[in-house]
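Hi everyone, thanks for coming. I'll walk you through one structure today, so have a look at it first.

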Amino acid sequence: MDRLQEIKDKLKNYNGETVRFMEVCGTHTAAISENGIPGMLSDNIKLISGPGCPVCVTVTAVIDKLTELSMAENTTVLTFGDLIRVKGSKYSLADARALGGSVEMLYSPMDAIRLAIEHKDRNYVFAAIGFETTTPVYAMVLEEIIKRDVHNLKLLTSLKTMPQVIRWVCKNTDNIDGFIAPGHVAVVTGSDVFKQLSEETKMPFVVTGFEGAQLLTAIYALTGMRGKTGIKNLYRSVVTPEGNLEAKEAVEKFFEPCDASWRGMGMIPGSGMRLKSEYAQYDAGSHGLDEDHMPPGCSCARVLTGEIAPNECPLFGKKCTPEDAHGACMVSTEGSCYNYYISGRGN
């Protein structure tokens, strides 16, 4: 019997005490659904989706600011895919565009610079949303803006960091036995940041990739680490203890830590990144965007922290579907509600 088949058998036949593991990364959430992993596990092994989808944790004040800017004279808001459908307190960027706002979807961050150079008589605002994985990309954009002397492109930032929100989850919930650490984030931060988190939270962490076999191996490793502290890096082909030093240096050049507001979780100290004061001229008004108005009946806050499963939300599959999303977790392809819905989990 090969090792993977042995792991599959042990996970399916596990009859120990019930364990609950949180995958923090939205890409892991999608990969877990795509690979049918919940169906390969014993009923005593529960997987919980955490707050690792950047679109899902963006507060409505940020969306409202972007829709406002899109309606401003001679201004275009630039964004990546999923964000365009997330509703603010009233409208989404898609709604704003239908009402006459100027919104364009990008496929490459460098397209923002190209547009600004080609249309010097128009103002552009790039929606800089994400975690440690994408913050270096926005640093690269800023580097190019300065190098090319571009004056009609600014960033509206809502950048979050993982360690602080994991600490918050651990302090505010008592139903988690371990974490599948975010693989893409770990490429930048390094695995040592999760070693420190493990010591602080008294929880085990496993860093892993996104293939089915990698995720199954991570879950198996966590079952053996239950009740212990420590970290296992099962993604050593791309994740080092210290991380990507060049990317971290680029981020440190332009950004600094700040308090940040998370959808449904409120303000979490030190959990965000903002432009340093010397680069304030490239900011489109990111400060003070903290208000969050959850749609009536929406349970995104409880879903994001693992308090309930997506299908336990009363709107799930009824008033809230991918075609007509009520909450942000149903919009993004990395959102836990979206992935529960398309994979039939919980039915």
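**Strands, a surface patch and salt bridges**

Let's start with a pair of strands: strand E3, residues 75–79, and strand E5, residues 123–130, run parallel and are joined over 4 bridges. One of the partnerships links Thr-76 to Tyr-124 in E5. For the terms: strands pair if DSSP finds at least two bridges between them, and helices (H or I, at least four residues) and strands (E, at least two) are DSSP runs numbered from the N terminus.

Before I go on, this is a predicted model, where local features need pLDDT of at least 70, side-chain atom pairs count only at pLDDT 80 or more, and totals for chains, interfaces and linings use all residues. Residues are numbered from 1 along each chain as its sequence is written, and side-chain values use heavy atoms, leaving out hydrogens and water.

Now zoom out. E3 and E5 sit in an open sheet of 6 strands, ordered E4-E3-E5-E6-E11-E10, with mixed pairing. At the edges you find E4 (103–105) and E10 (255–262), each pairing on one side only.

Next, the loops. Which loop holds Met-71? The one between helix H3 (60–70) and E3. Met-71 is partly exposed, at 45% relative accessible area; buried means under 20%, exposed over 50%, and partly exposed in between, with a 1.4 Å probe and protein chains only.

Ser-191 also lies in a loop, between helix H8 (183–189) and helix H9 (192–201). Is Ser-191 buried or exposed? It's buried, with a relative accessible area of 7%. Leaving aside residues up to four places away in sequence, Ser-191 touches several others, including Ala-186, Val-207 and Pro-241; contact means heavy atoms within 4.5 Å.

Last topic: charges. Side chains of opposite charge can pair when their charged atoms come close. Here a salt bridge is a side-chain nitrogen of Lys or Arg within 4 Å of a carboxyl oxygen of Asp or Glu, and the count comes to 15.

Back at helix H3, Glu-68 and Lys-65 form one at 3.9 Å, N to O. They are 3 residues apart in the helix, so about one helical turn separates them.

And out at the sheet, Glu-256 bridges to Arg-274, with the closest N and O atoms 3.1 Å apart. Glu-256 lies in E10 and Arg-274 in E11 (residues 266–275), so this pair ties together parts 18 residues apart in sequence. Glu-256 is partly exposed at 26%, and Arg-274 is partly exposed at 34%.
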